[in-house]
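Visitor: I'd like a quick tour of this one, please. Can we start on the inside and work outwards?

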Amino acid sequence: ALPIQVRRAHAVASRGGVRIVANQLMVNLMVFRSPQLQETLRTCRELGITVIGYAPLGQGLLCDGLTEDKQSKIRLTRMTGVTPAELRGLRQCIRGIADRYGGRPISQVALRWAIQRGVVPLVGVRRMAHLEDALAALQFELSEADLEA
């Protein structure tokens with residue numbers, strides 16, 4: 001949603017005596033620097049709207065075990081046009097951070113980053129291991145430098 005849409009929805013809801021409490025947006029390390037997303041996040045914070053971040057792991061692009069074959073099959077790859085080379089740099093950066101925190105999976109760093117940015121990550125889990133991995137993101141905090149990396 002664009003910031004103007006969030007403001008419009010908030011105004012309409014307020015006139016009707018209703019409060020918008022959450023807004024679901026795609027939020028992950030691949031799209032975070034988008035000026036439009038940044039403005040929308042600021043607008044949500046200003047209006048007291050919690051951001052629920054979908055695709056915080058980039059539909060698997062920000063998880064360990066990704067291969068170029070798997071990447072080519074992930075819908076977000078086609079939506080964003082991200083190439084294996086572009087993604088490799090981001091993943092290497094996340095891997096370096098994960099290694100500083102005891103060699104955690106990169107998915108935990110990606111989730112922790114979202115949490116510390118004030119986003120409630122919406123994580124899909126198909127297996128118990130996925131749930132355990134997601135919950136482990138609650139067991140550490142990233143430094144300010146790592147949040148900005």
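**The core and what surrounds it**

Guide: Happy to, bearing in mind that this is a predicted model. The largest nonpolar core has 37 residues, and those touching the most other members are Val 27, Leu 41, Val 51, Leu 61, Trp 113 and Leu 142. Two or more residues each come from strand S1 (22–26), helix H2 (35–47), helix H5 (84–100) and helix H6 (106–116).

Visitor: Which element gives the most to this core?

Guide: Strand S1 and helices H2, H5 and H6 each supply two or more residues. The top contributor, with 6 residues, is H6.

Visitor: How many of the 11 residues of H6 are buried?

Guide: The buried ones run through Ile 106, Ser 107, Gln 108, Val 109, Ala 110, Leu 111, Arg 112, Trp 113 and Ala 114. They pack against H5, S3, H7 and helix H8 (144–148). H6 is largely enclosed by the rest of the structure, because the buried count is 9 of 11.

Visitor: Back to Leu 41: which residues does it touch, leaving out those up to four places away in sequence?

Guide: Leu 41 is among the core residues that touch the most other members. With sequence neighbours set aside, its contacts are Leu 25, Val 27, Phe 32 and Val 51.

Visitor: Phe 32 and Trp 113 make an aromatic pair; what kind is it?

Guide: The search of the whole structure turns up 2 aromatic pairs. In this one, Phe 32 sits in the loop between S1 and H2 and Trp 113 in helix H6, 81 residues apart. Both Phe 32 and Trp 113 are buried. Their ring centres are 4.5 Å apart with the planes at 90 degrees, which is over the 60-degree cut-off, so the pair is edge-to-face.

Visitor: And what about the rings of Tyr 101 and Phe 140?

Guide: Tyr 101 is in the loop between H5 and H6, while Phe 140 is in the loop between H7 and H8, 39 residues apart. Phe 140 counts as buried, at 8% relative accessibility. The ring centres are 5.5 Å apart and the planes are at 45 degrees, so this pair is tilted.

Visitor: Now the charges: which helices does the salt bridge between Arg 7 and Glu 46 tie together?

Guide: The structure has 7 salt bridges, and in this one the side chains meet at 2.9 Å, N to O. Arg 7 is partly exposed at 34% relative accessibility, whereas Glu 46 is exposed at 53%. The partners are 39 residues apart in sequence, so the bridge joins distant parts of the chain: helix H1 (residues 3–15) and helix H2.

Visitor: In the Asp 146 and Arg 100 salt bridge, is Asp 146 buried or exposed?

Guide: The two side chains meet at 2.5 Å, N to O. Asp 146 lies in helix H8 and Arg 100 in helix H5, so the pair ties together parts 46 residues apart in sequence. Arg 100 is exposed, with 55% relative accessibility. At 10%, under the 20% cut-off, Asp 146 counts as buried.

Visitor: Last stop, the surface: what is the area of the nonpolar patch that includes Val 125?

Guide: Val 125 is in the loop between strand S3 (119–122) and helix H7 (128–136). At 41% relative accessibility, Val 125 counts as partly exposed. Together with Met 128, Leu 131, Leu 135 and Leu 138, it makes a nonpolar surface patch of about 460 Å².

How values were computed: Residues are numbered from 1 along each chain as its sequence is written. This is a predicted model: local features need pLDDT of at least 70, side-chain atom pairs count only at pLDDT 80 or more; totals for chains, interfaces and linings use all residues. Side-chain values use heavy atoms; hydrogens and water are left out. A nonpolar core is a set of buried Ala, Val, Leu, Ile, Met, Phe, Trp, Tyr and Cys residues joined through side-chain atoms within 4.5 Å. Buried means under 20% relative accessible area, exposed over 50%, partly exposed in between (1.4 Å probe, protein chains only). Helices (H or I, at least four residues) and strands (E, at least two) are DSSP runs, numbered from the N terminus. Contact means heavy atoms within 4.5 Å. Patches are made of residues with over 30% relative accessible area and no salt bridge: like charges are joined within 9 Å, nonpolar side chains (Val, Leu, Ile, Met, Phe, Trp, Tyr) within 5 Å. Accessible areas come from the Shrake-Rupley method with a 1.4 Å probe; for residues, only the protein chains shown count as cover. A salt bridge is a side-chain nitrogen of Lys or Arg within 4 Å of a carboxyl oxygen of Asp or Glu. Rings of Phe, Tyr and Trp (its six-membered ring) pair if their centres lie within 6.5 Å; planes under 30 degrees apart count as stacked, over 60 as edge-to-face and the rest as tilted.
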